[in-house]
Amino acid sequence: MPVINYVEFDGTEHSVEVAEGITLMQGAMDNLIDGMVAECGGCCVCCTCHCMIDPRWTEVTGTAGTQEAELLGYLDTKEPTSRLACQVNVTAAMDGMVVRLPESQY
Amino acid sequence: MNPSNHCIVIGASHAAVQLIISLRQNGWEGNITVISDEDHPPYQRPPLSKAYLANTIADEQLALRAPAAYQKLNVTFKLSTRVTSIDTQNKQVHLDSGEILGFDKLALCTGARARPLPIPGADLNAVHYLRTMDDVKGIQASATTAKTAVIIGGGYIGLETAASLNKLGVKVTLLETESRLLKRVASPQVSAFYLRLHTEEGIDIRLDTQAAKLLGDQALTQVICADGTAIDADMAIIGIGVIANTELASDAGLTVDNGILVNEFAQTSHEDIVAAGDCTNHPNPILNRNLRLESVPNATEQAKAAAASLCGIEKAYAELPWFWSDQFDVKLQITGMNQGYTEVVVRGDINNGRSFSVFYIANNKILAADCINRPKDFMLAKKLILQGTDCDAASLADESTDLKSLLI
Ligand SMILES: Cc1cc2nc3c(=O)[nH]c(=O)nc-3n(C[C@H](O)[C@H](O)[C@H](O)COP(=O)(O)OP(=O)(O)OC[C@H]3O[C@@H](n4cnc5c(N)ncnc54)[C@H](O)[C@@H]3O)c2cc1C
């Protein structure tokens with residue numbers, strides 16, 4: 001299983017195995033990682049699973065879709081590699097990927 | 001905290017799962033037992049009428065958390081088990097298995113159940129309700145052979161189910177007793193939009209129409225309306241609302257009034273018992289009134305307050321309600337509660353296409369917004385409502401004004 005390194009805002013790192021095919025959001029939720037809220041459970045409506053993909057992996061994760069990009073555009077904490085974690089499906093190529101979480105999801 | 005303390009949680013859905021996670025986060029060291037009368041580990045309900053019914057997501061994707069998460073939380077699950085009564089004096093719950101469990105703290109996350117339709121034939125084969133994963137499995141089984149379906153009820157669940165069955169190739173007729181869809185929750189303008197949307201997609205919507213009886217030998221064949229009209233149907237789904245599961249609480253002597261009555265800390269009238277989710281009637285400090293809501297954000301956010309209370313921490317539940325619905329290619333996001341609005345402002349074209357927002361206003365303040373395929377409007381509307389500044393209706397309606405510029 002690919003290992004994803006989730007890094008909370010305060011620097012706390014969680015290296016966890018996430019099954020291929022599930023989302024980066026669900027991977028964080030299943031591993032009880034603070035800093036992920038996911039109010040809507042992964043429907044791309046609430047913007048509370050915001051994360052920043054380490055630039056080394058943005059090619060693998062691809063870019064945000066229209067609705068996702070629109071939601072991200074509203075966030076004060078948006079960075080160039082911001083994504084909504086519920087819209088990123090984990091693949092084998094993401095093994096070792098670093099994903100940072102923002103200070104707050106609100 | 002005494003590690004031998006035992007917390008029992010009744011129900012294993014959105015509220016319960018957040019509650020057990022928050023319990024551990026708040027330092028609860030004692031045992032936790034979660035009791036559910038369903039036989040599946042916790043799963044998400046919103047996709048049931050949407051992607052799950054339409055076969056676009058699998059069972060595993062419906063799970064609220066992976067099994068390993070519950071192991072990490074060190075929680076004992078008792079599935080397919082019903083709590084039949086609560087003995088508040090001896091602090092025990094009685095189970096349908098005959099077992100009696102003692103608790104130090106108790107959390108009621110009993111949710112709601114589908115409201116039954118008291119008409120003849122509602123117990124025929126291929127007549128379904130839609131609240132649980134098992135309900136959906138039944139609907140899917142019927143849909144594999146059904147060519148026609150009648151949906152009774154034009155609320156969110158009925159409309160989402162209509163869209164999903166349509167996707168599966170079933171011809172759908174939807175009956176609504178009121179003169180418009182979504183009457184309980186939406187404005188006439190938004191109701192009219194949903195009528196147009198469903199009609200454009202080929203759903204036969206019949207307003208002012210009441211189902212009087214369901215006919216069939218064993219399986220359903222026809223739905224007979226109050227005006228005598230007969231509609232051929234191979235299956236039917238009843239979606240006429242829910243009833244909060246409050247009987248356990250009222251039988252135990254807790255205060256119940258349109259939901260289990262709790263304060264902003266999710267505490268019931270018993271000091272060791274909290275409640276969260278669809279089953280509660282709770283105060284909303286932002287809106288200054290009591291609400292009984294049926295939404296996931298309500299269940300999870302209130303559960304955080306409930307868990308804190310059980311750990312002796314005061315964390316008030318004070319969130320602006322929000323909700324969403326997916327039908328066809330339309331995503332609706334609602335923020336705030338529109339009750340009491342005196343003015344409606346539409347941003348975008350409500351009569352053509354599928355992208356606009358509707359703002360509800362009273363006393364010059366925005367109360368709520370319905371955003372149709374407009375996620376950005378939704379996020380900004382939420383901020384504008386919370387900010388509570390006087391709104392400028394002309395700018396709201398004017399698409400050339402960036403909503404961001406209205407924020408202070
Ligand atoms: C088809 C459908 C679509 C929905 N779509 C949306 C949506 O898009 N957005 C949204 O925000 N919300 C949506 N909702 C509403 C949302 O699912 C509910 O608000 C949410 O599930 C409430 O969670 P809860 O934990 O309070 O209660 P519930 O999910 O109702 O769970 C309560 C559980 O407790 C069990 N239980 C009750 N009594 C007992 C007992 N005595 N012993 C043992 N177990 C018991 C019940 O069987 C149930 O499993 C939808 C609901 C449905 C049915």
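**Note on the chain A and chain B model**

1. B:D278 is buried, with a relative accessible area of 10%. The model under discussion is a predicted one. B:D278 takes part in a salt bridge with B:R131, with an N to O distance of 3.0 Å. The two partners come from distant parts of the chain, being 147 residues apart. B:R131 sits in the loop between β9 (127-129) and α4 (133-145) of chain B, while B:D278 belongs to the loop between β19 (273-275) and β20 (280-284) of chain B. B:R131 also counts as buried, because its relative accessibility is 17% and the limit for a buried residue is under 20%.

2. A second salt bridge may be set beside the one above. B:R113 pairs with B:E247, and their closest N and O atoms are 2.7 Å apart. This pair, too, links distant parts of the chain: B:R113 lies in strand β8 (residues 112-114) of chain B and B:E247 in helix α7 (residues 247-251) of chain B, 134 residues apart. Are these two residues buried or partly exposed? B:R113 counts as partly exposed at 34% relative accessibility, and B:E247 counts as partly exposed at 35%.

3. The third pair belongs to a wider arrangement. B:R354 and B:E200 meet through their side chains in a salt bridge of 3.0 Å, N to O. B:R354 is in the loop between β24 (343-348) and β25 (356-362) of chain B, and B:E200 is in helix α6 of chain B, so the salt bridge ties together parts that are 154 residues apart in sequence. B:E200 is partly exposed, its relative accessible area being 46%. Both residues are members of a network of salt bridges that also includes B:R196, B:E201 and B:D329. Over all chains, a search of the whole structure finds 28 salt bridges.

4. The next point concerns the interface. Contacts between the chains involve 22 residues of chain A and 26 residues of chain B. Together the two chains bury about 2,200 Å², of which 54% is on carbon and sulfur atoms. A:L32, A:E39 and A:Y74 supply 31% of the area that chain A buries against chain B, more than any other three residues.

5. How many salt bridges does the rule find across the interface of chain A and chain B? It finds one. The partners are B:K383 and A:D76, whose closest N and O atoms are 3.3 Å apart. Nine residue pairs are in polar contact between chain A and chain B, with both residues of each pair at pLDDT 80 or more. On the side of chain A that touches chain B, the elements giving two or more residues are α1 (24-30) and α3 (66-74) of chain A. Of these, α3(A) gives the most, with five residues. By class, this side of chain A has 12 nonpolar, five polar and five charged residues.

6. A:E39 deserves separate attention. This residue is placed in the loop between α1 and β3 (50-53) of chain A. A:E39 is buried yet has no salt bridge, and B:K382, the nearest side chain of opposite charge, is 4.8 Å away. The absence follows from the cut-off: a salt bridge requires the nitrogen to be within 4 Å of the carboxyl oxygen. Apart from neighbours within four places in sequence, A:E39 is in contact with A:C46, A:T48 and A:Y106 of its own chain, and with B:V296, B:P297, B:E301 and B:W322 across the interface.

7. The last point treats two loop residues of chain B. B:E178 is found in the loop between β11 (171-175) and α6 (188-200), whereas B:T209 is in the loop between β12 (204-206) and β13 (211-216). They are 31 residues apart in sequence and 7.4 Å apart in space, C-alpha to C-alpha. B:E178 is partly exposed, with a relative accessible area of 34%; B:T209 counts as buried at 13% relative accessibility. Residues up to four places away in sequence aside, B:E178 touches B:K183, B:L207 and B:D208. On the same basis, B:T209 touches B:L175, B:E176, B:T177 and B:C225.

Technical notes
Residues are numbered from 1 along each chain as its sequence is written. Chains are lettered from A and ligands numbered from 1 in the order in which they are written. This is a predicted model: local features need pLDDT of at least 70, side-chain atom pairs count only at pLDDT 80 or more; totals for chains, interfaces and linings use all residues. Side-chain values use heavy atoms; hydrogens and water are left out. Contact means heavy atoms within 4.5 Å. Buried area is the accessible area (1.4 Å probe) that two parts lose on being put together, summed over both. A polar contact is a pair of N or O atoms within 3.5 Å; within protein, one must be able to donate a hydrogen and the other to accept it, and residues adjacent in sequence count only if both atoms are side-chain atoms. Helices (H or I, at least four residues) and strands (E, at least two) are DSSP runs, numbered from the N terminus. Ala, Val, Leu, Ile, Met, Phe, Trp, Tyr, Cys and Pro count as nonpolar, Asp, Glu, Lys and Arg as charged, and the others, Gly among them, as polar. Buried means under 20% relative accessible area, exposed over 50%, partly exposed in between (1.4 Å probe, protein chains only). Lys and Arg count as positive and Asp and Glu as negative; His and the chain ends are not counted.
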